[in-house]
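Me: I have a protein model in front of me and a pile of terms I don't quite trust yet. Can we go through them one at a time?

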Amino acid sequence: MGWNIRLPKYTKEVFPEWFEETWLGHLNGAQRQYRYGRMHILEYEDYLDVHIDMVDPRSNPVGHVIRDAPEVIVGVACGALGGLYMGRKTYRHTNSKMASVVLGLAVGGVCFVAGMKATKWLGG
């Protein structure tokens, strides 16, 4: 995302019918989001935030993650590494598969979110 344009909420009334509501993308606190090609519109309570993605996630989801959302890649890597580490460590200490899976998933989830947030924060 190189730029964002903030529009008044009432401009939604003139959206063409080909703008589709979608679940693809980070809501970042928005109530809804829409897409048309590479255009991505986030609807907040008082305004709309518009930007153009480099890659349309509906036609090339992997390319979109690589070009427009690299924080997802970092989050997945952090989650996998953190979860595996904690799962293995727990299993060595408790010899319980259930405990190691539960703790591994919990720590992996925290590491996933932390990795994504840190990447977004560092990236500006």
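**The sheet and its strands**

Reply: Sure. This is a predicted model, and it has an open sheet of five strands, ordered E1-E5-E4-E3-E2, with antiparallel pairing.

Me: What makes E1 and E2 the edges of that sheet?

Reply: Each has a single partner strand, so one side of E1 and one side of E2 are left without a neighbour in the sheet.

Me: How do you know that E3 and E4 are paired?

Reply: Count the bridges. A pair needs at least two of them, and E3 and E4 have five, running in the antiparallel sense. Gln33, for example, stands opposite Leu42 in E4.

Me: And what makes E4 and E5 a pair?

Reply: The rule asks for at least two bridges, and E4 and E5 have five, again in the antiparallel sense. Here His40 stands opposite His51 in E5, and Ile41 stands opposite Val50 in E5.

Me: What joins these strands?

Reply: A hairpin through three residues takes E4 into E5. The hairpin of E3 and E4 has two residues between the strands, and in it Gly37 takes a positive phi near 60 degrees.

Me: Why is strand E4 called mostly covered?

Reply: Buried means under 20% relative accessible area. Four of the five residues in E4 (residues 39–43) are buried.

**Rings**

Me: How many aromatic pairs are there?

Reply: The count comes to four. One of them is Trp18 with Phe19: the ring centres are 5.3 Å apart and the planes sit at 35 degrees.

Me: Why is that pair called tilted?

Reply: Under 30 degrees would be stacked and over 60 would be edge-to-face, so what falls in between is tilted. Trp18 and Phe19 have their planes at 35 degrees, so their pair is tilted.

Me: What about the exposure of those two, Trp18 and Phe19?

Reply: Trp18 has a relative accessible area of 46%, so Trp18 is partly exposed. Phe19 has 15% relative accessibility and therefore counts as buried. The cut-offs that settle this are under 20% for buried and over 50% for exposed.

Me: What makes Trp18 and Tyr36 a pair?

Reply: Ring centres have to lie within 6.5 Å, and those of Trp18 and Tyr36 are 4.3 Å apart. Their planes are at 40 degrees, so this pair is tilted. The pair links distant parts of the chain: Trp18 is in the loop between strand E1 (5–8) and strand E2 (20–21), whereas Tyr36 is in strand E3 (residues 32–36), 18 residues apart. Tyr36 has 41% relative accessibility, so Tyr36 counts as partly exposed. Put the rings together and Trp18, Phe19 and Tyr36 form one aromatic cluster.

Me: How do you know that Arg6 lies over the face of Tyr47?

Reply: For an Arg, CZ has to be within 6 Å of the ring centre and within 35 degrees of the ring normal. Arg6 lies over the face of Tyr47, at 3.8 Å from the ring centre.

**Two residues to compare**

Me: Asp56 or Lys117: which is buried and which is exposed?

Reply: Asp56 has a relative accessible area of 14%, so Asp56 is buried. Lys117 has 59%, so Lys117 is exposed. The limits are under 20% for buried and over 50% for exposed.

Me: Where do they sit, Asp56 and Lys117?

Reply: Asp56 lies in the loop between strand E5 (47–52) and helix H1 (61–68). Lys117 belongs to helix H3 (residues 97–123). The C-alpha atoms of Lys117 and Gly75 are separated by 8.2 Å, with the two residues 42 apart along the chain.

Me: What does the side chain of Asp56 reach?

Reply: The backbone nitrogen of Arg58, at 2.9 Å. A polar contact needs its N or O atoms within 3.5 Å, and 2.9 Å meets that. Setting aside neighbours within four places in sequence, Asp56 is in contact with Gly37, Arg38 and His64.

**The whole chain**

Me: What is the pattern along the sequence?

Reply: β-β-β-β-β-α-α-α, with three helices and five strands in the chain.

Me: How does the chain's radius of gyration set against a compact globule?

Reply: A compact globule of 124 residues would come out near 14 Å, but this chain has 19 Å. The C-alpha atoms fill a box of roughly 60 × 25 × 25 Å along the principal axes, and buried residues make up 28% of the 124.

Key
Residues are numbered from 1 along each chain as its sequence is written. This is a predicted model: local features need pLDDT of at least 70, side-chain atom pairs count only at pLDDT 80 or more; totals for chains, interfaces and linings use all residues. Side-chain values use heavy atoms; hydrogens and water are left out. Buried means under 20% relative accessible area, exposed over 50%, partly exposed in between (1.4 Å probe, protein chains only). A polar contact is a pair of N or O atoms within 3.5 Å; within protein, one must be able to donate a hydrogen and the other to accept it, and residues adjacent in sequence count only if both atoms are side-chain atoms. Contact means heavy atoms within 4.5 Å. Rings of Phe, Tyr and Trp (its six-membered ring) pair if their centres lie within 6.5 Å; planes under 30 degrees apart count as stacked, over 60 as edge-to-face and the rest as tilted. The radius of gyration is taken over C-alpha atoms; the globule rule is 2.2 Å times the number of residues to the power 0.38.
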